[in-house]
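Me: I have a model open and want to go through helix packing and salt bridges. Can you take my questions one at a time?

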Amino acid sequence: KKFDPEDLAAFLALLPPRVDGTPIRHAIEVRHASFVDPAFIELLRKHSVAAVLVDSSKHPPIADVTAGFVYIRLQGTSEKEAAGYSAAVLDAWS
């Protein structure tokens, strides 16, 4: 899906801040380069939704902090590493 500011704004406005009285957080992972856009980041910040930072050669990396937490998906694992990533690489990510 390509970035459509109006469509995304309408979706983000529907996200509930609480479920049964419990605060919840939201994160969105995008897979199209059209989301590498300042307007996308602005919308996420307005709604306190995290942009998922994906370690993948297939998807655009978006490292902007847009919420009070950070969500990272490490998808570049190696079968040679017990944890999927070397300790040095995990340290760099952390």
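Me: How do H1 and H2 run relative to each other?

Reply: H1 and H2 are roughly parallel, a label for angles under 35 degrees (over 145 is roughly antiparallel, 65 to 115 roughly perpendicular, the rest oblique). This is a predicted model, where local features need pLDDT of at least 70 and side-chain atom pairs pLDDT 80 or more, while totals for chains, interfaces and linings use all residues. Residues are numbered from 1 along each chain as its sequence is written, and side-chain values use heavy atoms, leaving out hydrogens and water.

Me: What are the packing angle and axis distance for H1 and H2?

Reply: H1 (residues 5-14) and H2 (residues 38-47) pack at about 15°, and their axes are 10 Å apart. Axes are lines fitted to C-alpha atoms over the stretch in contact, with angles from 0 to 180 degrees between N-to-C directions. Helices are DSSP runs of H or I with at least four residues, strands are E runs of at least two, and both are numbered from the N terminus.

Me: Which residues meet there?

Reply: From H1, Pro5, Leu8, Ala9, Leu12 and Ala13; from H2, Phe40, Leu43, Leu44 and His47. Contact means heavy atoms within 4.5 Å.

Me: And what is the make-up of that contact by class?

Reply: Eight residues are nonpolar, one is polar and none is charged. Nonpolar covers Ala, Val, Leu, Ile, Met, Phe, Trp, Tyr, Cys and Pro; charged covers Asp, Glu, Lys and Arg; the others, Gly among them, are polar.

Me: Switching topic. How many salt bridges are there?

Reply: Three, counting a Lys or Arg side-chain nitrogen within 4 Å of a carboxyl oxygen of Asp or Glu.

Me: What does Asp7 pair with?

Reply: Asp7 pairs with Lys1, with the closest N and O atoms 2.8 Å apart. Lys1 is exposed at 72% relative accessible area, and Asp7 is partly exposed at 36%. Exposed is over 50%, buried under 20%, partly exposed in between (1.4 Å probe, protein chains only).

Me: Which residues form a salt-bridge network?

Reply: Glu29, Arg31 and Arg73. Glu29 meets Arg31 at 3.3 Å, N to O, and Arg73 at 2.6 Å, N to O. The Glu29 and Arg73 pair links distant parts of the chain, 44 residues apart: Glu29 is in the loop between strand S3 (26-28) and H2, Arg73 in strand S6 (residues 72-74).

Me: Is Arg31 exposed or buried?

Reply: Arg31 is exposed, at 53% relative accessibility. Glu29 is partly exposed at 24%, and Arg73 is partly exposed at 28%.
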